[in-house]
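Colleague: Got a minute to walk me through this one? I'd like the overview, then the odd bits.

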Amino acid sequence: MALNMVIRGASVLGATIPLVNQFQNSTPSEVIEKTRYLQITLVNMSSNQRIEVEDEWFDIGRFWSPQPLGSIPPGSSTTFFVCNGDFTMFTGVSGGIGLRVYDNDSTEPFTIDGKDWWICTFSSPYASANKCLTQWKDFGIKPLWDKMEKAHQVTDTHCGCYQKDANHMVFIWKNKDSNW
């Protein structure tokens, strides 16, 4: 079964947005002072799967505390911040994270057609628009990062993303049968 990425208008996320909005986090004043920052929210809307952050890659920039570690259980979320590096000028933040999904009663990663990575990429460059993109794929953060052209709104079979506001990207994992 092939997963086709679908980029659509904002109305597609109609049922999902109220659920995502319950996971509100405030932005620390220290990160707002950075030249470029993004608030990244990972939402697990599945009913029977947990998500593990297992890889990270930055072209430029770094994590602000807290770094996304640990497990994201069904029906919950985690928020973290990324920003330009300390003592840098005219730079932004750009990179991605690699996640794996596990059924609650399993130690083996969830797979579809041999693919077992959920990749989430983001960018807030110094002199251009913010971007995000997500896809279920075999491993590789940078190859997906290379494909980012804008803040895509993605509503795939299991994963999606959208830009909530100027500095907030939301990445969502859901059960296959759940509507967007």
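**Surface, core and cysteines**

Modeller: Sure. The protein exposes about 8500 Å², and carbon and sulfur atoms supply 49% of that. Keep in mind that this is a predicted model.

Colleague: How many helices and strands are there?

Modeller: Three helices and 11 strands. Along the sequence the order runs α-α-β-β-β-β-β-β-β-β-α-β-β-β.

Colleague: And what percentage of the residues is buried?

Modeller: 51% of the 180 residues count as buried. As for contacts, take those between residues at least 6 apart in sequence: 64% of them join residues at least 24 apart.

Colleague: OK, the core. Which residues have the most contacts inside the largest nonpolar one?

Modeller: I40, L42, V82, W118 and F171, in a core of 34 residues. The largest share of this core comes from β7, with five residues. In soluble globular proteins, nonpolar side chains tend to be buried together.

Colleague: What does I40 touch?

Modeller: Leaving out residues up to four places away in sequence, I40 touches T78, T79, F80, V82, F122, M169 and F171. Two of those partners, V82 and F171, are also on the list of residues with the most contacts inside the core.

Colleague: Switching topic: how many disulfides does the structure hold?

Modeller: Zero.

Colleague: Why is C159 not bonded to C120?

Modeller: Because the C159 sulfur is 7.1 Å from the one in C120, its closest cysteine sulfur, and that is too far for a bond. C159 is buried too, with a relative accessible area of 0%.

Colleague: And what about C161?

Modeller: C161 is in no disulfide either; its nearest cysteine sulfur, in C132, is 3.8 Å away. The cut-off for a disulfide is 2.5 Å between the sulfur atoms. C161 counts as buried, at 1% relative accessibility.

Colleague: Now the backbone. Which residue has a positive phi of about 60°?

Modeller: F87, which is not a glycine. Most residues other than glycine have a negative phi. F87 lies in the loop between β5 (76-83) and β6 (93-103).

Colleague: Is F87 buried or exposed?

Modeller: Exposed, with a relative accessible area of 87%.

Colleague: What's the phi of D113?

Modeller: Near 50°, so again a positive value in a residue other than glycine.

Colleague: Where does D113 lie?

Modeller: In the loop between β6 and β7 (117-124). D113 also counts as exposed, at 52% relative accessibility.

How values were computed. Residues numbered from 1 in each chain as written. Predicted model: local features only at pLDDT ≥ 70, side-chain atom pairs only at ≥ 80, totals over all residues. Heavy atoms only, no water. Helix = DSSP H or I, 4+ residues; strand = E, 2+ residues; numbered from the N terminus. Buried < 20%, exposed > 50% of the residue type's maximum accessible area, 1.4 Å probe, protein only. Contact = heavy atoms within 4.5 Å. Areas by Shrake-Rupley, 256 points an atom, 1.4 Å probe, with all protein chains shown as cover. Core = buried A, V, L, I, M, F, W, Y, C linked by side-chain atoms within 4.5 Å.
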